[in-house]
Amino acid sequence: LFEWDTQTDTVTYSANFEKKFGYTPIMKNFSKRIRFVSHIHPADIPEFTEMYHLLMKGMLYREIEFRLSDAAGRYRWCRLRASSQFDAAGKVSRVIGMLADVDEQKRAEEALQYQADRDELTQLYNRRTARRLIEAILEEPCVKGYRALMVLDVDDFKKINDSNGHMFGDSVLRAVADILTRQFRSEDILARIGGDEFMIFMPGPMEREQGENKARILIQSISRILLRMGLDQSCSIGITQIRKDGGTFDRAYRKADEALYRAKTSGKNMFCWRDGDGEEWGCRNGEEGTIP
């Protein structure tokens, strides 16, 4: 429990705080010091400061969740409930409230959400989640350059399952997912969207030459890992650019899928481009311009 005297800018706490977190919290000059010397996670400070500003302006009640570190430096999720009280003149004189440790509950919720968002085998995003994330990005204006969407699958993957069994086939898919994770940026969206088909969304800027280089490296990397697993097989990739003025997920996916189909029917081990208007830019063999 805590009480913040807004006139003296002093906070008093129940003894449970030090028992729980292992240090003495900020007491004097609270509003000035909280942003600079607190144990609040840096990403949560804006929401925390917004809360106390709103309470100071007269909001009756506010509840937020944020991360607070203990003496060992481990961040724990906490739920803060606070309400304002007023003096005879109607000004906020103090804020009282309760800080509760909800770390176990919050992390359990995050784990469940993670499982719901991910493909069970590869731990990449599943199709539903990838679509939701991509659509949210496409709603935002692209300041410069283009966005790009790739669709990839392993050539003749059915032969792998038929010859080596589904467990071996699963290990191949996990190996492909590992390559994607290592070769793309954290802001790129990687997903397994069904069977041996993967999708990569690059929010930009991404010009054609960059996209071709990415596809070439990817094809060569996957061919190498398949060879190490005793497989003389390859992968194919379809790519589309998404114009600066936006576009829909369905349109972009359709164009990338059409480009993938062309790559498969043109000899496999290839990547093909299509721009957002459907103009075909042609196909190239993934081994061209071999990268060490």
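Two strands count as paired if DSSP finds at least two bridges between them. In this predicted model, 5 strands form an open sheet by that criterion. Their order is β2-β1-β5-β4-β3, and the pairing is antiparallel. The edge positions belong to β2 (10–13) and β3 (61–69). Each has a single partner strand, so one side of each is left without a neighbour in the sheet. On average, neighbouring strands of this sheet are turned by 25 degrees against each other, direction ignored.

The pairing of β3 with β4 (residues 75–86) was examined further. These strands run antiparallel and are joined by 9 bridges. Glutamate 65 has arginine 79, in β4, as its bridge partner.

Two helices pack on the sheet. Helix α3 (residues 45–56) touches β1 (2–5), β3, β4 and β5 (92–101). The direction of α3 makes about 150 degrees with that of β3. Helix α4 (residues 103–117) also packs on the sheet, where it touches β3, β4 and β5. The direction of α4 makes about 120 degrees with that of β4.

A contact between helices was also analysed. Two packed helices are described by the angle between their axes and the distance between the axes. Helix α5 (residues 127–138) and helix α9 (residues 249–265) pack at an angle of about 115 degrees. Their axes lie 10 Å apart. On the α5 side, the contact is formed by Arg127, Arg131, Ile134, Glu135 and Leu138. These meet Phe249, Asp250 and Tyr253 in α9. The contact residues divide into 4 nonpolar and 4 charged, with no polar residue.

Key: Residues are numbered from 1 along each chain as its sequence is written. This is a predicted model: local features need pLDDT of at least 70, side-chain atom pairs count only at pLDDT 80 or more; totals for chains, interfaces and linings use all residues. Side-chain values use heavy atoms; hydrogens and water are left out. Axes are lines fitted to C-alpha atoms, for helices over the stretch in contact, and angles run from 0 to 180 degrees between N-to-C directions. Helices (H or I, at least four residues) and strands (E, at least two) are DSSP runs, numbered from the N terminus. Contact means heavy atoms within 4.5 Å. Ala, Val, Leu, Ile, Met, Phe, Trp, Tyr, Cys and Pro count as nonpolar, Asp, Glu, Lys and Arg as charged, and the others, Gly among them, as polar.
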